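Me: Could you take a close look at one part of this model for me? I would like a connected walk through a single helix and what surrounds it.

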Amino acid sequence: MTVQDVRSFNRFYTNVIGALDYGRRLYAPYTLTESRVLYELAHAPRTDAADLRTQLHLDAGYLTRILNKFEEDGLVERGPSDTDPRRRRITLTAPGREAAALLDERARETVGAMLDTVPDKDRPRLAEAMRTVRTILGDGDGDGDGDGDGGGPGDGGRRVPRPEDVVLREPAPGDLGWIIQRNAALYAAEYGFDADYEALVARIVADYAEDHDPRMERTWIAELDGRPVGCVMCVRDGAPGAARLRLLLVEPDARGLRIGDRLVGALVDFAREAGYREVVLWTNDILGAARRIYQRHGFVLVAEKPHHSFGRDLTGQDWRLDLHATPH
């Protein structure tokens, strides 16, 4: 590879970015750099100004001018850092979160339109090529599940993901199929579950896809580097006033980022706002990491019973969270 190869690729990529209308409709009325600052603040809500400079490689004076403008427009608030009073903590206000959400929605729509022009058979190659560029040229910084067990460092010079790199979002086309496929594959690999488990997951997802009330039921996808790495579903339970947590999953290579905690936390907050009285779930005793997450969020074990399912002898467990008894 030569310098000219890199420059040629850079010219090509710049043209692609221009075709996406960056700097005009997509980020209006903000510049690209201002939009990057809003994005970082939206996904790391307790960021110090020093952290922003490091993450975005910005000149201190330039960043100060951006933050001054945001503060005048009512988009951010500044105060002492939680960890170092000599630092300034930056947080988005409600209007700031709305602005960041609008920019994110525009970006998703625009990039989605571009991806619509890429044939399905070429998308895996494109995704792998992008990961390769990031892996080889990444700077390797960052600190990088729900399992809560912690994760190992990245290998070689590969950039280690940070918790704030993970975005929780609603399912996009294809994500419900991903939930089925990854549950079946992971539980077979990690616990020896047979095809009966895949059938169960498929029924749960199909029921949700065919008939769910978005005011009372929701699915979250955890996304890292443009790919799904976790999920959870909140559905109505048979008992009045009860929501049921289903299909919590975190990809093995994304564990250690507290994704599972965030997914369960988002579900509990949603259930409380939707007016549910309690959240219930059924799991098995071999899923120790998931059970520790439930306990951290206030779930209590209420019953357990041996059973033979999915090709294994298991002990099923019922857990319950009283939303009226837990703090907001």
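Reply: Happy to, and a good place to start is where a helix stops: right after α7 comes Gly192, with a positive phi near 75 degrees. Please keep in mind throughout that this is a predicted model. Its mean pLDDT is 83, and 86% of the residues reach 70 or more.

Let us step back from that glycine into the helix itself. The 17 residues of α7 should span 24 Å at 1.5 Å a residue, and the end C-alpha atoms are 23 Å apart, which agrees. The helix runs over residues 175-191. Its buried residues are Asp175, Trp178, Ile179, Ile180, Arg182, Asn183, Ala184, Leu186 and Tyr187. You will notice that this list holds Asp175, Arg182 and Asn183 alongside residues such as Trp178 and Leu186.

What covers these buried residues? The cover includes β4 (167-169), α8, β5 (218-224), β6 (227-236) and β7. One of these, strand β7 (residues 242-250), has the highest mean pLDDT among the elements of the protein, at 97. At the other end of that scale is strand β1 (residues 47-48), with a mean of 72.

Now for Tyr187, one of the buried residues of α7. Its relative accessible area is 13%, under the 20% cut-off, so Tyr187 counts as buried. The ring of Tyr187 pairs with that of Tyr197: the two centres are 4.7 Å apart and the planes stand at 40 degrees, so the pair is tilted. Tyr187 sits in α7 and Tyr197 in helix α8 (residues 195-210), 10 residues apart, and the pair links distant parts of the chain. Tyr197 is buried as well, at 8% relative accessibility. The two tyrosines also belong to one aromatic cluster, together with Tyr191, Phe193 and Phe310. In the whole structure there are 10 aromatic pairs.

From Tyr197 we can move along α8 to Ile204, which is found in that helix. Ile204 counts as buried, at 10% relative accessibility. Leaving aside neighbours within four places in sequence, Ile204 is in contact with Met233, Arg246 and Leu247. Arg246 lies 42 residues away along the chain, yet the C-alpha atoms of Ile204 and Arg246 are separated by 8.5 Å.

The wider setting is worth a look too. In soluble globular proteins, nonpolar side chains tend to be buried together. Here the largest nonpolar core has 52 residues, and those with the most contacts inside it are Leu245, Ile259, Val279 and Phe299. Helix α9 (residues 259-273) gives the largest share of this core, eight residues. Val279 shows how such a position is surrounded: beyond four places in sequence, Val279 is in contact with Ala243, Leu245, Leu267, Ala271, Phe299, Trp319, Arg320, Leu321 and Leu323. A second, separate core of 19 residues includes Tyr30, Leu67, Ala99 and Leu103.

That second core offers a useful companion to α7, through Leu67. Leu67 is buried in α4, as are Leu63, Ile66 and Phe70. These four cover an arc of only 95 degrees around the axis, which puts them on the same side of α4. An α-helix has 3.6 residues a turn, so residues three or four places apart point the same way. On the face turned away from the buried side, α4 carries the exposed residues Arg65 and Glu72. The buried residues pack against α2 (32-43), α3 (49-56), β2 (76-80) and β3 (88-92). As for length, α4 (residues 60-72) has 13 residues and reaches 18 Å from its first C-alpha to its last, close to the 18 Å expected at 1.5 Å a residue.

The end of α4 brings us back to where we began: α4 is followed by Gly74, whose phi is positive, near 75 degrees. Gly74 is also among the contacts of Thr93, together with Leu75, Val76 and Glu77, once neighbours within four places in sequence are left aside. Thr93 is placed in the loop between β3 and α5 (94-115), and is buried, with a relative accessible area of 12%.

One friendly caution before you zoom in elsewhere: over residues 139-158 the pLDDT stays under 50, although the model has 50 contacts beyond four places in sequence for them. Where pLDDT is low, the predicted coordinates should not be read in detail.

Technical notes:
Residues numbered from 1 in each chain as written. Predicted model: local features only at pLDDT ≥ 70, side-chain atom pairs only at ≥ 80, totals over all residues. Heavy atoms only, no water. Helix = DSSP H or I, 4+ residues; strand = E, 2+ residues; numbered from the N terminus. Expected span 1.5 Å × (residues − 1). Buried < 20%, exposed > 50% of the residue type's maximum accessible area, 1.4 Å probe, protein only. Arc of directions from axis to C-beta. Contact = heavy atoms within 4.5 Å. Core = buried A, V, L, I, M, F, W, Y, C linked by side-chain atoms within 4.5 Å. Phe/Tyr/Trp six-rings, centres within 6.5 Å; stacked < 30°, edge-to-face > 60°. pLDDT = per-residue confidence, 0-100.
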